[in-house]
Amino acid sequence: MTTPTPEEPRDERVPVTVLTGFLGSGKTTLLNRILTEQHGLRIAVIENEFGEVGVDDALVLDSEEEIFEMNNGCICCTVRGDLIRILGALMRRREKFDHILIETTGLADPAPVAQTFFMDDEIAAQLRLDAIVTLVDAAHVLQHLDEVKPEGVENEAVEQIAFADRIVLNKTDLVDESAIAEITDRIRAINSGVQIIPAQHAEIYLPQVLDVGAFDLERVLAEDPSFLTETEHQHDTTVTSVGIDLTGELDEERLNRWLGTLLRTKGVDIFRSKGILALAGAPHSVTELATEVGMEQSAVSHQLRLLRTLSLVTGRRDGRNRLYDGHAAQFLDQAVHHIEHLRLGIRGTP
C-alpha cells in the first residue's frame, strides 16, 4: 500500500484499479480473490463483459461488495459515458467503499479507460487512477502477441501490456521455464519497466496490485504525448461471441459429449468459454438457483431462508457458498409460478 512522506499531503481521492487482460487470462479469478481475501477494504466493482449474455457478475463469488455490470458495449468506447455516470453515482455514496475496481473486457484498450480519470474534471477531483493491472495468460500470450490484425486495428494484447503498471503472468504452471523466459523478454520489449508478478490461478499477494500508486501520467505522456488527445481506435471485429441462455437443468453426460465435440471441431477458434450451469442432480448455489428461476439473488436468498425455517429445504456450506439440492429449485419455481398467477388475478393452485 502507498504511504505518503511527511512532506506530502495525503491524497484523499478514491483509488481506482483497472483490471485488464486478454480473453481467458484470469481476470475474474483474480477479482474473486480480491473480493474474498481479508484485506479490510470495501471495494465497488464495475464489470464490462464481452458478449451479449452477462455472466461475470454471477461468477463473482457471493460477496457484499457493490457490483455494476456493463455488457452492452465496450467500456473503452461505446459505453464510456456509462462508465462516467456509474463513477459519478458511486461518488455520491463515497462513504460506502474504499476502493473501486474496473474489470474491462478481454478486448478492451486500457488507454481510453485511463483517459477517463484525467479528461473529466469532476472525476479527476474525486478519483485517482491507482494502477492498470494486466493479466497475461502464459500458455497463449505469444500467439496473441503475434496475431496479425486487420489494417487500422491495434493488437489488444500488445496495448494491454504496453499500458500496464503491473503484469500478473498467470498460468505459469502450464508452461516450462524456457517459455516463461521468452514471454518475459517479449513483455520487456513492449514495456521495459513494468513489474511482472508470476502466478498460478491468479494467486498473488494483493498489496502488490492494490493501492500501489503505480500509474504515472507524466511517464505515460513522455512515452505517448498524444495519450490525452487521441481517442479514436478500432476493435477487431473478427472476434465475436456466442451466448446460450436456457432454462431448466442440464444432463451432465450429454453436456460433456457436446463440449468434447465442440472442442474437437472448433477448439482452435475458441479463446474462452464461461457460464453458469445447473446440472441435473447436482447441488445448486444461490447464484445458480437465481439464474435458473430468473430471480434476483437477494430475493432467492430471502425465499430460501423462509424455506429453511419451515424445514422444506436444507443447505450445506461449501466455503462462502451454501449449496441446495434440486428440491430447492422446484420450490422456487413453484413460488415464482404462484406469484405470477397472483399477479394475473388467477385463483387456485397453479
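When I say contact here, I mean heavy atoms within 4.5 Å. With that in mind, and remembering that what we have in front of us is a predicted model, let me begin with Asn-191, which, once its neighbours within four places in sequence are set aside, is in contact with Ile-161, Ala-162, Phe-163 and Ala-164. Asn-191 itself is found in the loop between α8, residues 177-190, and β7, residues 195-198. Its relative accessible area is 7%, and because buried means under 20%, Asn-191 counts as buried. As for polar partners, a polar atom of the Asn-191 side chain lies 2.9 Å from the backbone oxygen of Ala-164.

Let me now turn to Asp-165, whose place is in the loop between α7, residues 156-162, and β6, residues 166-170. Is Asp-165 buried or exposed? With a relative accessibility of 5%, Asp-165 counts as buried as well, on the cut-off of under 20% that I used a moment ago.

Which residues does Asp-165 touch, if we do not count those up to four places away in sequence? They are Ala-131, Ile-132, Val-194, Gln-195, Ala-214, Phe-215 and Arg-219. Two of these contacts deserve a word on their polar atoms. The side chain of Asp-165 has a polar atom 2.8 Å from the backbone nitrogen of Ile-132, and the side chains of Asp-165 and Arg-219 are joined by a polar contact of 3.0 Å.

Finally, a word on Asp-130, which is 35 residues from Asp-165 in sequence, while the distance in space between the two, taken from C-alpha to C-alpha, is 9.1 Å.

Terms used: Residues numbered from 1 in each chain as written. Predicted model: local features only at pLDDT ≥ 70, side-chain atom pairs only at ≥ 80, totals over all residues. Heavy atoms only, no water. Helix = DSSP H or I, 4+ residues; strand = E, 2+ residues; numbered from the N terminus. Buried < 20%, exposed > 50% of the residue type's maximum accessible area, 1.4 Å probe, protein only. Polar contact = N/O pair within 3.5 Å; in protein donor to acceptor, adjacent residues only side chain to side chain.
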